[in-house]
Amino acid sequence: MPIVDVIEIPRRKKEENNQSTSEPLPDVASKNSQEDSKIELEVASLSKEDLMKKSDEFKAKANKFFGEQSYDNAIELYTTAIKYHPTAILYSNRSFSNFKKEFFVCALQDAIKANELDPNYVKAYYRLGSANLALGNYDDAKKNFQDLLKKSPSDNEAKTKLKLCTTLIKTKLFEEAILVTTESHFQNLDYESMVVDDSYKGPHFKGENITKEFVFELVEHMKQQKFLHKKYVAKILKKSFDLFKELPSLVDIDTETTQKITICGDTHGQYYDLLNIFEINGYPSEDKPYLFNGDFVDRGSFSLEVILCLLAFKLLYPNHMHLTRGNHESVDMNRFYGFQGEIVSKYSEMIYDLFSELFLWFPLAFVLDKSYMVVHGGLFGKDGVTLDDIRKIKRNAPEGNDKELLQCLLWSDPQPTPGVAPSSRGVGVYFGPDVTRKFLKENNLSGIIRSHEVKEKGYQIDDHGALITVFSAPNYCDQSGNLGSFINIGPEKVKITSFSHVDHPNVPPMHYQRQQF
Ligand SMILES: [Mn+2]
């Protein structure tokens, strides 16, 4: 499939950190407050009947956007409708839109509001329960679904969710208990003794070192929706574990590699789109290094294929294939967004546990050519964090300050307004352009490259290239209609290539999530 667009921007220079900016930072707040005061005037002057009518008009438009899965627009219009005349239904609908955007904290706040406005509105309990479930507040969610069933005893979906809450509460207690007591899953892994019988027709990983022949056979085998033998999956995981464990939490990449490297954002189980990147741009090799910036799994139903392919290339070219940890490389996300279900369905719990433990050892950030930091999410809620602070994070078992830094690296998003604000995602923060510039100056860097957010063209350039978002899952979840992109950093320019999606076999995104629950 064709490349859609290639753009080049000048590589940002560190000296720019010392210049005062020629233009003011965008003033989003003032635009909003102008509209707000217009509505305030109307609210003060119109009759209640007219206000309800206005509110209904905005609600109808918002519902239409919701139906078209255009959630940003839906949220904006529900917000306007609420200003004219707040109702439980409006808050509940906005809660659902926020939920779809994975703004779980906002989803919960709206559900609480809906419930306050009308305690008999049954759907609000459902929204409360769903938001609490997504935020990991399983006890609260359980109570929400119990309340719902008191109001509506025959609601089957509520019964299923209540059961799920009970299971998750037990699982969480169990997981917390084993975290303290068990040793590494890799310690007792004996893949050598696993038997491959003659009926297996796929590639064989023989000997100590992975070979190019094996990796390309594997790529092709998986493309035909066939599975690698469990023994070799376990072998790839163990060898990857040994490799990743030795890496620092922040990895420096030299100038020579930086000038050749291709940086990709989220791939989210879209194996056929991943192969398309390789077709467009070249397969990984020592001359064609890659950095994949997290969120390899979940959502797309070929997460196993994506992560195995990337790990196989990592073993083949350890210094030329780099993987950053994303927020989806974690058990909390994998439980809900497909990866756990997919691995248990394709292999077993045991293989899933190996993946989960391996993910804890993926590096959290890279610095290319001492100038660009690459990280999945973004920056921090507090000042003065240094590259050394990131280097020192105990990433497999972070506590206290380390945990806070790790969460921000994996979860934060930029915002157009200055300063720092709590994130609607419930983890990490929103950080302004002033925060980015300060971090760059203090750490003698020229820019940040991050991923984590779907963008229409596959990328977004903020603040003259001080921060670039790159996202590589085109037509995300088979419904976003976005392009994917990847980035190359030259000595003078930063090149961004956008590409469209390709067909994949008929297994829809989130297929394994549905199977599991
Ligand atoms: Mn992400």
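Colleague: How many of the 517 residues of the chain count as buried, as a percentage?

Modeller: It's 44% of the 517 residues. Bear in mind that this is a predicted model. A residue makes that list if 20 or more other C-beta atoms lie within 10 Å of its own.

Colleague: What makes the chain as compact as a globular protein of that length?

Modeller: The radius of gyration is 24 Å, and the globule rule gives 24 Å for 517 residues, so the chain counts as compact in that sense. The C-alpha atoms fill a box of roughly 80 × 60 × 45 Å along the principal axes. As for what's inside, the secondary structure comes to 20 helices and 15 strands.

Colleague: What share of the contacts in the chain with a separation of 6 or more comes from residues 24 or more positions apart?

Modeller: That share is 69%.

Colleague: Which domains is the chain divided into, and how far apart are their C-alpha centres?

Modeller: Domain 1 covers 30-178 and domain 2 covers 212-516. Their C-alpha centres lie 31 Å apart. The two do touch: eight residues of domain 1 are in contact with five residues of domain 2. On the domain 1 side, that's five nonpolar, two polar and one charged.

Colleague: What makes a group of residues the largest nonpolar core here?

Modeller: Its members are buried nonpolar residues joined through C-beta atoms within 7 Å, and this set has 94 of them. Leu 308, Cys 309, Leu 310, Ala 312 and Val 374 have the most contacts inside that core. Helix α13 (residues 303-316) gives the largest share, ten residues. Take Ala 312: leaving out residues up to four places away in sequence, Ala 312 touches Ile 210, Val 215, Leu 218 and Ile 236. Apart from that core lies another, of 36 residues, among them Ala 62, Leu 90, Tyr 91 and Ala 114.

Colleague: Why would nonpolar side chains be buried together?

Modeller: I can only offer the general trend: in soluble globular proteins they tend to be.

Colleague: How do you know that the length of helix α18 agrees with what's expected?

Modeller: Helix α18 (residues 400-411) has twelve residues, and at 1.5 Å a residue these should span 16 Å; the end C-alpha atoms are 17 Å apart, so the two agree.

Colleague: Which residues of α18 are buried, and what do they pack against?

Modeller: Leu 405, Leu 406, Cys 408, Leu 409 and Leu 410 are buried. The buried residues of α18 pack against strands β6 (365-368), β7 (372-375) and β10 (429-431), plus helix α17 (387-391).

Definitions and conventions: Residues numbered from 1 in each chain as written. Predicted model: local features only at pLDDT ≥ 70, side-chain atom pairs only at ≥ 80, totals over all residues. Domains from an automatic or database assignment. Contact = placed C-beta atoms within 7 Å. Nonpolar A, V, L, I, M, F, W, Y, C, P; charged D, E, K, R; others polar. Buried ≥ 20, exposed ≤ 12 C-beta atoms within 10 Å, placed from the backbone. Helix = DSSP H or I, 4+ residues; strand = E, 2+ residues; numbered from the N terminus. Rg over C-alpha atoms; globule rule 2.2 N^0.38 Å. Expected span 1.5 Å × (residues − 1).
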